[in-house]
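Let's take a walk through this structure together, one stretch at a time. Keep the viewer open and follow along.

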Amino acid sequence: MTDVPLRCQRGQFSLPDDFHYLNCAYMGPLPLVAERAGIEGLRAKRFPQAIAPEDFFAPVDGLRGRFARLIGAPEPNRIATVPSVSYAVSTIARNTRAGRGSNVVIVHEQFPGNVYPWRRLVAEQGGELRVVTPPQAREGRQRPASRGSGWTDCILDRIDGGTVVVAMGTVHWTDGTRFDIEAIRARTREVGAALVLDGTQTVGAAPFDVAALDPDAVIVAGYKWLLGPYSLSLAWFGDRYLDGVPLEETWIARRGSENFAGLVEYEDEYQPGALRFDVGQRSNFALVPALSASLDLVLKWRPERVSAYCASLMDGAFTRLRDLGVHVEDSRWRSPHLFGLALPPAADLDRLKAALARHRVGISFRGASVRVSPNVYNTRDDVEALVAAFEEALTGSRRGQG
Ligand SMILES: Cc1ncc(COP(=O)(O)O)c(C=O)c1O
């Protein structure tokens, strides 16, 4: 079956015409349908009597169902709604036993919300926090030929019988470096360690199959590649955590909470699956419909087509950037939707920032990485403006400021 390629979806958004937004890894723009759904949800509270008890349950269950489809999870009730990735990581750290002789494996320059909970865990319970660097250490902004090739092996080497959890991103958040997650899953299984994945910079923009990978947890912030509003994220939990202790003891997570008249018949049992890990007031009447509307779009587009669209946008551009002396990761280890562009050692970063501003290009600077992250609303014009800014900064020659 031939797959029809995705066309540019800019019409679904209200991005300004005179700006080249190549920064979805920072924040996804809210689609118009999500904006409308969110506003409608907010308006519902004008007349609270019209908000029925089922409105606390059905919309959020619908959201779990959409996310389950996106990640190929057979049971939607294993998905908890959380405000942030750090909230879910903290939940998991709370349900992890460390202690002398144990270790937690994370990755060099990992997103801080997936570092601090582990730091606290080993500080309180003992054990070692193992931070795995790529094969060759960087000096200044200089990079090895490829960070991706060999990094997975370094991670595999640091996992041993004392490892209680490997917690890492599905790709590196600063430059999209890919890891061989299947190999890491196999190794964690061998030693009995948990694999906790932060899928924030992958899910929505590239295929991800929870059933095939079978990790212990997958957490995804809603406001980037899921194109949702801020402050609503989703976390899938495997068997290992289903009997765990939540961060909060919410009334709605208890069995029978649908019966508002019976809420003071206090209940010891939780709702099934991972619903115990839902944040308090999880039925947010504005955010839940907004994220659901965004997910409907992402499901319609399909992550494999989003990924192919991003790859096609960059056709030819990497060669031109390399000709300017820019380092680009090997395609095997580079994410089509999120990649780092490393300047030649003598280049002036401030000059690049000024050129990007002149060409009205929005990207991010994370660690030593110039991070570019296109999505379905981008066009070849956006990529041309990016390349023109690099040309200007690195050669001094000016082209039209598109
Ligand atoms: C990989 C990754 N995880 C998580 C987050 C957001 O974390 P939180 O939801 O805890 O604010 C980001 C934000 O940049 C990120 O890049």
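A good place to begin is glutamate 248, which sits in the loop between β8 and α8 (287–301). Keep in mind that you are looking at a predicted model. Is glutamate 248 buried or partly exposed? It is partly exposed, because 14 other C-beta atoms lie within 10 Å, and a residue needs 20 or more to be called buried. Once its neighbours within four places in sequence are set aside, glutamate 248 is in contact with Val279 and Gly280. Phenylalanine 277 is also worth finding: 29 residues separate it from glutamate 248 in sequence, while the C-alpha to C-alpha distance is 7.7 Å.

Two other loop residues deserve a stop, this time for their backbone angles. Leucine 227 has a phi near 60°, a positive value in a residue other than glycine. You will find leucine 227 in the loop between β7 and β8. This leucine 227 counts as buried because it has 30 C-beta neighbours inside 10 Å. Arginine 360 also carries a positive phi in a residue other than glycine, here near 55°. Its place is the loop between α11 (349–358) and β11 (361–362). With 16 C-beta neighbours inside 10 Å, arginine 360 counts as partly exposed.

Now zoom out to the whole chain. The domain assignment gives domain 1 as 10–24 + 302–395 and domain 2 as 40–300. Taken over C-alpha atoms, the centres of domain 1 and domain 2 are 28 Å apart. How many residues does each domain bring to the contact? Domain 1 supplies 26 residues and domain 2 supplies 24 residues. On the side of domain 1 that touches domain 2, the elements giving two or more residues are α9 (303–313), β10 and β13. Of these, α9 gives the most, with 4 residues. By type, the residues on that side of domain 1 divide into 10 nonpolar, 9 polar and 7 charged.

Two of those elements, β10 and β13, also belong to a sheet. Its 4 strands form an open sheet in the order β9-β10-β13-β12, with antiparallel pairing. At the edges are β9 and β12 (364–366), each of which pairs on one side only. Strand β9 (residues 327–328) is joined to β10 by 2 bridges in the antiparallel sense, and here histidine 327 has alanine 342 of β10 as its bridge partner. Moving across, 3 bridges link β10 to the antiparallel strand β13 (residues 369–372). Among the residues involved, glycine 340 has arginine 371 of β13 as its bridge partner. What about the two faces of β10 (residues 339–342): which residues are buried there? Phe339 and Leu341 are buried on one side, Gly340 and Ala342 on the other, and both faces of the strand are covered.

Next, consider how nonpolar residues gather. In soluble globular proteins, nonpolar side chains tend to be buried together. Here the largest nonpolar core has 113 residues, and Ala217, Ala235 and Ala389 have the most contacts inside it. Helix α12 (residues 380–395) contributes the largest share of this core, 9 residues. Where does the core lie with respect to the two domains? Domain 1 and domain 2 both give residues to this core, so it lies between them. To see one of its well-connected members up close, pick alanine 389: leaving out residues up to four places away in sequence, it touches Leu352, Ala355, Leu356, His359 and Val361.

Let's finish with a helix and a ligand. Helix α3 (residues 85–94) is mostly covered, with 8 of its 10 residues buried. The buried ones are Val85, Ser86, Ala88, Val89, Ser90, Thr91, Ile92 and Ala93. What covers these buried residues of α3? The covering elements include β2 (79–82), α4 (116–125), β5 (163–169), β6 (194–198), β7 (217–221) and β8 (233–237). Val85 and Ser86 turn up again around the ligand, where the surrounding residues are Ser84, Val85, Ser86, Phe111, Gly113, Gly169, Trp173, Asp198, Thr200, Gln201, Ala221 and Ser233. This shell divides into 4 nonpolar, 7 polar and 1 charged.

Note on methods
Residues are numbered from 1 along each chain as its sequence is written. This is a predicted model: local features need pLDDT of at least 70, side-chain atom pairs count only at pLDDT 80 or more; totals for chains, interfaces and linings use all residues. A residue is buried if 20 or more other C-beta atoms lie within 10 Å of its own, exposed if 12 or fewer, and partly exposed in between; C-beta atoms are placed from the backbone. Two residues are in contact if their C-beta atoms, placed from the backbone, lie within 7 Å. Two strands pair if DSSP finds at least two bridges between them. Domain bounds come from an automatic or database domain assignment. Ala, Val, Leu, Ile, Met, Phe, Trp, Tyr, Cys and Pro count as nonpolar, Asp, Glu, Lys and Arg as charged, and the others, Gly among them, as polar. A nonpolar core is a set of buried Ala, Val, Leu, Ile, Met, Phe, Trp, Tyr and Cys residues joined through C-beta atoms within 7 Å. A residue is near a molecule or strand if its C-beta atom, placed from the backbone, lies within 6 Å of it.
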